[in-house]
Amino acid sequence: MVHTNTPKVRASRKFSLELLISDHPLDCMTCEATGNCLLQDLAYEYSVTGDRFEGTKHHYSVNDPNPFIQVDRNKCILCRRCVRACRDVNGVEAISVFYRGFSAYIGFGADSHMADSPCEFCGSCVEVCPTAALWPKISMGKGRPWQVEKIQTTCPYCGVGCQLILEVKDNEIIKVDSAWDGPSNHGWTCVKGRFGWDYVHHADRLTKPKVRRYLVDGGQPKPAAANRHSEVAGDPWEWVETDWDTALDITARKLRHHRDESGPNSIGVLTSAKCLNEENYLMNKFARQAIGTNSIDHCARL
Ligand code: SF4
Ligand code: SF4
Ligand code: SF4
């Protein structure tokens, strides 16, 4: 039988923690990981205050110039979780430990910046890092764990259907983690799913349908294409916002017109891997039965 919680084991564990903490910034007050940090939790559990050992501390610069991941080696405890996640979860081996002993640190590729290494910015290393040594830049300063609501959802980007956990504060997504129980991703996700969600709150995002001005007001004849890219207010080619009922009515009218004038095979339908299976099934029914064409395909084949 192996005993993992005897007084002797706990004393040894506390000693290891004291050594780790002796070379740690201890700036939990402003650290991104506060409230979500295994080192902090263990220090609390074992009453490690950080004043037992004095000695040299590392002062690494925090300057990896990639757009996604903050790399703060000062907060690294060399647990190598990131190394294993990169190798075993993402299958890339972009990250490893360089040198040994007190000189050891995590590095990328042939000891370069992340962007110059084979890194694909999947963020698996960030997901498993127990401290703030690796942290999403886009989430920095946005909120504490106890201020967020966690919502599990399906990534909207492709048909793999990765399960993501959104951290939402004040109705704004501030961080995305991947779900370990996601049947198609098992804790992994790609760079888009992990870091590509700022579009949700982007000022340029379309939230209402837009149609050409000449299509509203009962549908005027299509004007000449000379000024097709015109953004002049009042121009028949100008994009104007409308409501969904109007946009769908216009779409139905145009589809009916082309089907009646040129036959159903003049219309092709492209569906999307970003839609649900059920929605793609409905598009198949719509193409074959409502329009009467077999010209239907899916973006995953393009
Ligand atoms: S990584 Fe953890 S222990 Fe270190 S400063 Fe941040 S919260 Fe504190
Ligand atoms: S982001 Fe992904 S590919 Fe890059 S080092 Fe981390 S685990 Fe490896
Ligand atoms: S997972 Fe974090 S703490 Fe552990 S070795 Fe990697 S960067 Fe350091």
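Trainee: Where is leucine 26 found?

Mentor: This is a predicted model, and in it leucine 26 is found in the loop between α1, which covers 7-21, and α2.

Trainee: And what is the phi of leucine 26 near?

Mentor: The phi of leucine 26 is near 55°, which is a positive value in a residue other than glycine. As background, most residues other than glycine have a negative phi.

Trainee: Is leucine 26 buried, partly exposed or exposed?

Mentor: Leucine 26 counts as partly exposed, because its relative accessibility is 34%, and that value falls between the limits of 20% for buried and 50% for exposed.

Trainee: Which other residue has a positive phi, this time near 45°?

Mentor: That is histidine 186, again a residue other than glycine, with phi near 45°. Histidine 186 is found in the loop between β7 and α5, and at 51% relative accessibility histidine 186 counts as exposed, because the cut-off for that class is over 50%.

Trainee: What about the hairpin of β2 and β3, which residue takes a positive phi there?

Mentor: In that hairpin, which has six residues between the strands, tyrosine 99 takes a positive phi near 65°. The two strands themselves, β2 with residues 95-98 and β3 with residues 105-108, pair in the antiparallel sense over four bridges, and serine 96 stands opposite glycine 107 in β3.

Trainee: Which residues form an aromatic cluster with Tyr99?

Mentor: Tyr99 forms one aromatic cluster together with Tyr60, Phe98 and Tyr105.

Trainee: OK, let's stay with the rings. How many aromatic pairs does a search of the whole structure find?

Mentor: The search finds eight aromatic pairs. One of them is the pair of phenylalanine 68 and phenylalanine 195, which is stacked, with 5.3 Å centre to centre and 25° between the planes. This pair links distant parts of the chain, since phenylalanine 68 lies in the loop between α2 (38-45) and β1 (69-71), whereas phenylalanine 195 lies in helix α5 (residues 191-195), 127 residues apart.

Trainee: Are those two phenylalanines, 68 and 195, buried or exposed?

Mentor: Phenylalanine 68 is partly exposed, with a relative accessible area of 26%, while phenylalanine 195 is buried, with a relative accessible area of 5%.

Trainee: And how is the pair of phenylalanine 98 and tyrosine 105 arranged?

Mentor: Phenylalanine 98 and tyrosine 105 form a stacked pair, with 6.0 Å centre to centre and 15° between the planes. Phenylalanine 98 is buried, with a relative accessible area of 16%, and tyrosine 105 also counts as buried, at 16% relative accessibility.

Trainee: New topic, then. What order do the strands have in the open sheet of three?

Mentor: The order is β5-β6-β7, with antiparallel pairing. The edge strands are β5 (149-154) and β7 (172-178), each of which pairs on one side only, and neighbouring strands of this sheet are turned by 30° against each other on average, direction ignored.

Trainee: Over how many bridges do β5 and β6 pair?

Mentor: β5 and strand β6, which covers residues 163-169, pair in the antiparallel sense over six bridges. Within that pairing, glutamine 152 stands opposite isoleucine 165 in β6.

Trainee: How far apart are leucine 20 and isoleucine 165?

Mentor: Leucine 20 and isoleucine 165 are 145 residues apart in sequence and 30 Å apart in space, taken from C-alpha to C-alpha. Leucine 20 has its place in helix α1 and is partly exposed, with a relative accessible area of 31%.

Trainee: Last thing, empty space. How many cavities of 30 Å³ or more does the structure hold?

Mentor: The structure holds two cavities of 30 Å³ or more. About 90 Å³ of space lies in the largest cavity, which is lined by 14 residues, and the closest to its centre are Cys86, Ala94, Met114, Cys119 and Cys125. By class, the lining of the largest cavity has 11 nonpolar, two polar and one charged residues.

Trainee: And how much space lies in the second largest cavity, and which residues line that cavity?

Mentor: About 70 Å³ of space lies in the second largest cavity, and the residues that line that cavity include Cys76, Cys79, Arg80, Cys82, Ile106, Cys129 and Thr131. The lining of the second largest cavity divides into 10 nonpolar, one polar and one charged residues.

Definitions and conventions
Residues numbered from 1 in each chain as written. Chains lettered and ligands numbered in written order. Predicted model: local features only at pLDDT ≥ 70, side-chain atom pairs only at ≥ 80, totals over all residues. Heavy atoms only, no water. 1 Å grid on protein atoms, 1.4 Å probe; cavity = no way out; pocket = protein on both sides within 12 Å on 5 of 7 lines; lining within 4 Å. Points joined across faces, edges and corners; volume = space filled by probe spheres on them. Nonpolar A, V, L, I, M, F, W, Y, C, P; charged D, E, K, R; others polar. Pairing = 2+ DSSP bridges. Axes fitted to C-alpha atoms, helices over the stretch in contact; angles between N-to-C directions. Phe/Tyr/Trp six-rings, centres within 6.5 Å; stacked < 30°, edge-to-face > 60°. Buried < 20%, exposed > 50% of the residue type's maximum accessible area, 1.4 Å probe, protein only.
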